[in-house]
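Subject: The structure I promised you

Hi,

Here is the structure to look through, with my notes below it. Have it open in your viewer while you read.

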Amino acid sequence: MTSGIRPGVAVHRVATTGPDDVAGLERLVRAGELDPAGIVAILGKTEGNGCVNDFSRGFATQSLKLFLQGHVGREAAGRVCLVMSGGTEGALSPHWIVFERRESDESARGPALAMGSAITPDLPPEHLGRRAQVEMVARGVADAMERAGIADPAAVHFVQIKCPLLTAARAAEAEARGRATATRDTLKSMGLSRGASALGVAVALGELSIGEIPNGAIGTDMGLWSGRASTSSGIELMGHEILVLGMSPDWTGPLAIDHAVMRDAADIGPLRAALARLGLDAEGQLDASARARVRAVLAKAEASRSGTVRGLRHTMLDDSDISATRHARAFVAGVLAGTMGMTDLFVSGGAEHQGPDGGGPVAIIAERA
């Protein structure tokens, strides 16, 4: 065990009344519990539809940028990763998750939660959903790992990414330059972007090699996936905002992270195993003392392409009124809430190449006993 100044992570989970509600963040700042200069990333669940025209994500991003600019200035605010995930179907509660870096002279107690972020350049529309996007994301994840001081990919437990989507105008701009986009279907572009970004994580973490990912496999070969990627696409950006979370002996503090992969939308066993590894009671629903130690739950949700869950038919893919991603978010959120005893969960829909078809990765950040 060594001593000296080491980085640490504080994670704040803050309820919101709407995409523009930063009052809870301001209260933390006034109370001295949050230093805006230490904010590395903010994840948000907003109450839009999670589809192409979900402007609650952009509204939230703008609100957070104004909050940050008011405290640290425009340049520093531009370095903070803002990952907004639309859709709070069912009983999901809108909230922010703030990741703050703190310096401490606390002695290290073994590996602790570590984080690193990266923001990529804008992605040309014609590269979305193709290997060029996979490669861009892989480089971004590697950069974020380096900033986190994590050399071993096995020490990474979760990679959260905000990625772009196509609009009709973006596709037209590419075509005006003589370039064709992977699709002109803007909703389909969301899945292609999420999938290519997830495969970029898989390449960076050594789960797959770039040679295993031809262009034609993106969005089609669901046997290719990452067990630690969570990607969310949105209209509010054209680059990628990347947050890498893992464990490192060079970081200190009471927080730890573990992850699991749900094999289907009802597969709670891996989550219970991860809770047990974190020293949390995994027998029934977490009691109040255990929940108080949980800082964040991050998960992916996906309607299985087989049209079944454990051999029985589901209708999520047949609903012409409500997107299957919205059904899946509500389903998985209910499953997780039944175990965690909490509804402010970061459940993101659309798990293309993120876990096996119909399942998805889940991570828990908690204070160690």
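The lining of the largest cavity is made up of one nonpolar, eight polar and four charged residues. Keep in mind that this is a predicted model. Among cavities of 30 Å³ or more, the structure holds just one, and the space in the largest cavity comes to about 80 Å³. Its lining has 13 residues, and those nearest the centre are Gly50, Arg194, Ser232, Arg329 and Gly349. If you want to find the walls by element, look at strand S3 (81–86), H6, strand S7 (229–234), H9 and strand S13 (346–349), which give two or more residues to the lining of the largest cavity.

Next, the pockets. The largest pocket has a volume of about 560 Å³. Two elements give two or more residues to its lining: helix H6 (186–204) and helix H9 (324–340). H6 gives the most, with six residues. In total, 27 residues line the largest pocket, and Leu187, Lys188, Gly191, Arg305 and Glu352 are the ones that lie nearest its centre. By type, the lining of this pocket divides into ten nonpolar, ten polar and seven charged residues.

The second largest pocket has a volume of about 470 Å³. It is lined by 24 residues, and the closest to its centre are Val40, Arg79, Val80, Ser117 and Arg147. Strand S2 (39–46), helix H3 (74–77), strand S5 (112–119) and helix H4 (131–148) each supply at least two residues of that lining. Here the lining divides into 14 nonpolar, five polar and five charged residues.

Now for the strands. How many of the eight residues of strand S14 (residues 360–367) are buried? Seven of them are, so S14 is largely enclosed by the rest of the structure. S14 runs antiparallel to S9, and eight bridges join the two. S14 is also antiparallel to S10, with five bridges between them. A good residue to click on is isoleucine 365 in S14: it is the bridge partner of isoleucine 257, and it is the bridge partner of alanine 296 as well.

Strand S1 (residues 6–15) is mostly covered too, with eight of its ten residues buried. Ten bridges join S1 to strand S4 (residues 95–104), and the two run antiparallel. To see one pair in that arrangement, find valine 9, which stands opposite arginine 101 in S4.

A few loop residues are worth a stop as well. Serine 304 sits in the loop between strand S10 (294–301) and strand S11 (308–309). Is serine 304 buried or exposed? Its relative accessibility is 8%, so serine 304 counts as buried, since the cut-off for buried is under 20%. A polar atom of the serine 304 side chain lies 2.6 Å from the backbone oxygen of threonine 308. Leaving aside neighbours within four places in sequence, serine 304 is in contact with Val309, His314, Leu317, Asp357 and Gly358.

Alanine 265 is another loop residue, placed between strand S9 (255–262) and helix H7 (269–277). With a relative accessibility of 5%, alanine 265 counts as buried. Not counting residues up to four places away in sequence, alanine 265 touches Phe331, Val332, Val335 and Gly358. Now try a distance in the viewer: alanine 265 and arginine 329 are 64 residues apart along the chain, and their C-alpha atoms are separated by 9.5 Å.

Finally, have a look at two backbone angles. Arginine 310 has a phi near 55°, a positive value in a residue other than glycine. You'll find arginine 310 in the loop between S11 and strand S12 (312–313). Histidine 353 also has a positive phi, near 65°, and is likewise a residue other than glycine. Histidine 353 is in the loop between S13 and S14. Which of these is buried or exposed? Arginine 310 is exposed, with a relative accessible area of 58%, while histidine 353 is buried, with a relative accessible area of 1%.

Happy browsing!

Note on methods: Residues numbered from 1 in each chain as written. Predicted model: local features only at pLDDT ≥ 70, side-chain atom pairs only at ≥ 80, totals over all residues. Heavy atoms only, no water. 1 Å grid on protein atoms, 1.4 Å probe; cavity = no way out; pocket = protein on both sides within 12 Å on 5 of 7 lines; lining within 4 Å. Points joined across faces, edges and corners; volume = space filled by probe spheres on them. Helix = DSSP H or I, 4+ residues; strand = E, 2+ residues; numbered from the N terminus. Nonpolar A, V, L, I, M, F, W, Y, C, P; charged D, E, K, R; others polar. Buried < 20%, exposed > 50% of the residue type's maximum accessible area, 1.4 Å probe, protein only. Polar contact = N/O pair within 3.5 Å; in protein donor to acceptor, adjacent residues only side chain to side chain. Contact = heavy atoms within 4.5 Å. Pairing = 2+ DSSP bridges.
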